[in-house]
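User: I've got a model to go through and not much time. Can you walk me through it?

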Amino acid sequence: MKSYRWAAVVGLCAIALASGVPPSAQQLPSEPARQFGASITGAFEGWLDNPDGSHSFLVGYLNRNRAQEIDVPIGPSNRIEPGGPDMGQPTHFLPGRQTGMFIVTVPKAFTPQQQLTWTITVNGQTNSIPLRLHPDYNIDPFSHVAVNNTAPVLRFEENGPTIQGPIGTVAQAISRTTSVGAALSLSVWAADDAKFTSLSSAPMRNPPQPVSLRWSKYRGPGAVTFDKARPQLEVLAGGSVNVPFSGKATTTARFSEPGDYVLHLVGNDYSGDGGGAELCCWTTATVKVSVT
């Protein structure tokens with residue numbers, strides 16, 4: 001059985017390594033968060049095995065700018081090497097700790113001795129983190145063995161293809177088109193097993209919906225405005241703990257400038273952001289938008 005709590009600690013240790021703090025400290029870099037002018041550090045959550053024998057690194061980040069979303073274009077200031085600089089990482093960074101936002105897949109032949117390095121430079125400060133196939137970092141973000149909890153299933157069409165787990169990539173994003181200032185409608189169908197557990201096994205008081213959604217900008221030249229960045233799901237079935245759930249939500253997005261954008265969607269179950277430090281169970285998906 002994999003240790004999900006250890007995997008969460010590993011993500012913090014990876015950040016600590018980037019700032020010279022020894023792994024045994026198990027703490028974030030000493031630089032405090034600020035409203036503006038602070039740094040951004042990548043966070044290695046762990047790695048997972050794929051059915052074809054390849055491996056995927058699950059990666060997030062910490063933006064210490066509490067009041068500032070920051071754009072860092074792909075290039076010298078936002079690169080993953082070797083093989084990059086573009087390996088599907090975000091160029092738009094939300095404030096705070098964002099867990100498991102994207103994956104980087106490497107071939108079966110990639111060895112534990114090899115590594116990738118994600119480097120981010122912002123506000124004159126550079127941080128780098130290693131991505132390696134360390135055996136202690138092997139995780140399973142698709143299911144929680146304690147209660148057989150699984151990640152939500154998302155669709156962009158009612159009977160369309162499904163995505164489950166934090167495996168959304170730019171390369172596999174669905175495509176949409178719109179124009180500057182126009183409202184682009186984005187509908188999502190979500191389903192989940194609605195399973196819940198806690199360290200104390202105590203039931204939730206006033207439980208929320210089994211699935212919560214969050215839209216955000218991931219890449220793009222201009223500002224993106226959502227009428228509902230966290231839309232409430234219309235309940236189609238279920239709605240309580242341990243009762244299989246399905247629902248639908250629609251939001252609209254508007255774009256300030258023409259160009260190519262990528263939107264990012266996170267679907268959380270009762271576990272909450274980042275699986276509540278258990279690294280299970282949530283789902284990510286992406287949408288490419290061409291704006292004229």
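Analyst: One cut-off up front: a residue is called buried when its relative accessible area is under 20%. Thr283 is buried, with a relative accessible area of 0%. Keep in mind that this is a predicted model.

User: Which strand is Thr283 in?

Analyst: Thr283 belongs to strand β20, residues 282-291.

User: And what lies by the polar side-chain atoms of Thr283?

Analyst: Two backbone atoms. The backbone oxygen of Pro152 is 2.5 Å from a polar atom of the Thr283 side chain. The backbone nitrogen of Gly165 is 2.9 Å from a polar atom of that side chain.

User: Which residues does Thr283 touch, leaving out those up to four places away in sequence?

Analyst: The list includes Ala151, Pro152 and Leu154. Ile163, Gln164, Gly165 and Pro166 are on it too. So are Leu265, Val266 and Gly267.

User: What sheet is β20 part of?

Analyst: An open sheet of four strands, in the order β13-β20-β19-β15. The pairing is mixed. At the edges are β13 (174-178) and β15 (212-219), each pairing on one side only. Neighbouring strands in this sheet are turned by 30° against each other on average, ignoring direction.

User: How many bridges join β15 to β19?

Analyst: Seven, and the two strands run antiparallel. β19 covers residues 259-268. Within this pair, Arg214 has Val266 as its bridge partner in β19. Val266 is also one of the residues that Thr283 touches.

User: Stay on β15. Is Arg219 buried or exposed?

Analyst: Arg219, which sits in β15, is buried. Its relative accessible area is 13%, and the cut-off for buried is under 20%.

User: What polar partners does the Arg219 side chain have?

Analyst: The side chain of Asp86 is one, through a polar contact of 2.7 Å. The backbone oxygen of Gln89 is another, 2.8 Å from a polar atom of the Arg219 side chain.

User: How far apart are Arg219 and Gln89?

Analyst: They are 130 residues apart along the chain, with their C-alpha atoms separated by 9.1 Å.

User: What else does Arg219 touch?

Analyst: Setting aside residues up to four places away in sequence, its contacts include Ile74, Gly88, Thr91 and His92. Val170, Tyr261 and Val262 are also among them.

User: Switching topic. What about the sheet with β7 in it?

Analyst: That one is an open sheet of three strands, ordered β4-β7-β8, with antiparallel pairing. β4 (78-81) and β8 are the edge strands, each with a single partner strand, so one side of each has no neighbour in the sheet. The twist averages 15° from one strand to the next.

User: How are β7 and β8 joined?

Analyst: By seven bridges, with the strands antiparallel. β7 is residues 116-122 and β8 is residues 125-131. Thr119 has Ser128 as its bridge partner in β8.

User: What happens at the turn of that hairpin?

Analyst: Two residues lie between the strands, and Asn123 takes a positive phi near 55°.

User: Now the packing. Which residues touch the most other members of the largest nonpolar core?

Analyst: Phe57, Phe102, Leu116 and Trp118, in a core of 27 residues. The elements giving two or more residues to this core are β1 (40-49), β2 (55-63), β6 (96-106), β7 and β8. Apart from it lies another core, of 24 residues, among them Leu186, Phe245, Phe255 and Val287.

User: Back to Leu116. What is Leu116 in contact with?

Analyst: Leaving aside neighbours within four places in sequence, Leu116 contacts Phe57, Ile80, Met87, Val104 and Val106, among others. Phe110, Ile129, Pro130 and Leu131 are on the list as well.

User: Last bit, the overall numbers. How many helices and strands?

Analyst: One helix and 20 strands. Buried residues make up 48% of the 292 residues. The accessible surface comes to about 13,000 Å², with 52% of it belonging to carbon and sulfur atoms.

User: And what share of the contacts join residues at least 24 apart?

Analyst: 71%, among contacts between residues at least 6 apart in sequence.

Technical notes
Residues are numbered from 1 along each chain as its sequence is written. This is a predicted model: local features need pLDDT of at least 70, side-chain atom pairs count only at pLDDT 80 or more; totals for chains, interfaces and linings use all residues. Side-chain values use heavy atoms; hydrogens and water are left out. Buried means under 20% relative accessible area, exposed over 50%, partly exposed in between (1.4 Å probe, protein chains only). A polar contact is a pair of N or O atoms within 3.5 Å; within protein, one must be able to donate a hydrogen and the other to accept it, and residues adjacent in sequence count only if both atoms are side-chain atoms. Contact means heavy atoms within 4.5 Å. Two strands pair if DSSP finds at least two bridges between them. Axes are lines fitted to C-alpha atoms, for helices over the stretch in contact, and angles run from 0 to 180 degrees between N-to-C directions. A nonpolar core is a set of buried Ala, Val, Leu, Ile, Met, Phe, Trp, Tyr and Cys residues joined through side-chain atoms within 4.5 Å. Accessible areas come from the Shrake-Rupley method with a 1.4 Å probe; for residues, only the protein chains shown count as cover.
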